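Biologist: I'd like to learn how to read the strands and the core of a model like this one. Can we go through it together?

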Amino acid sequence: MTVFESLLNNTFTHSRRRRTSDGQGGWVIDYVEQGTVRGRIRPASSAEQEVALQEERELTHVFYCKADEDVRRGDRLVATSPTGYELTVEVDGLREPSLAGEHYEFDCNERQDEESV
């Protein structure tokens, strides 16, 4: 196990966006579970958030995983903390900082579903 792999401290449920026709000229978007991914997530720093705003985009978290994982822009990742808090993020962008095929960094945005009564 590499030093990087030892830092991957969470298991995330990985889902991919699926578009299906609604039969009226529009689309219904849902997410299909793809499996799990070992990874690590951290809140984006204020400097990272400021740069993102200058580029007219949002950034709340940065997600890390091994480079052989099939995570793409638009995918959804969900992790549950030991206290039961569920964090859901949507992948907005990908970086391979080392260009060595070791790991990826993903810019993500937290999503919170509305509960209907």
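Modeller: Sure, let's start with a pair: Phe63 stands opposite Phe106 in S6. Keep in mind that this is a predicted model, where local features need pLDDT of at least 70, side-chain atom pairs count only at pLDDT 80 or more, and totals for chains, interfaces and linings use all residues. Residues are numbered from 1 along each chain as its sequence is written, and side-chain values use heavy atoms, leaving out hydrogens and water.

Biologist: In what sense do S3 and S6 pair?

Modeller: Strands are DSSP runs of E, at least two residues, numbered from the N terminus, and two of them pair if DSSP finds at least two bridges between them. Here S3 and S6 are antiparallel, over six bridges. S5 also runs antiparallel to S6, again with six bridges, and there Val89 has Glu110 as its bridge partner.

Biologist: How many of the eight residues of S6 are buried?

Modeller: Buried means under 20% relative accessible area, with a 1.4 Å probe and protein chains only. Seven of the eight in S6 qualify, so the strand is largely enclosed by the rest of the structure.

Biologist: And which residues touch the most other members of the largest nonpolar core?

Modeller: Such a core is a set of buried Ala, Val, Leu, Ile, Met, Phe, Trp, Tyr and Cys residues joined through side-chain atoms within 4.5 Å. This one has 15 residues, and Phe63 and Phe106 touch the most other members. At least two core residues come from each of S2, S3, S4, S5 and S6.

Biologist: Is Glu90 buried or exposed?

Modeller: Glu90, in strand S5, is buried, at 9% relative accessible area. Its side chain makes a 3.0 Å polar contact with that of Tyr31.

Definitions and conventions
Buried < 20%, exposed > 50% of the residue type's maximum accessible area, 1.4 Å probe, protein only. Helix = DSSP H or I, 4+ residues; strand = E, 2+ residues; numbered from the N terminus. Polar contact = N/O pair within 3.5 Å; in protein donor to acceptor, adjacent residues only side chain to side chain.
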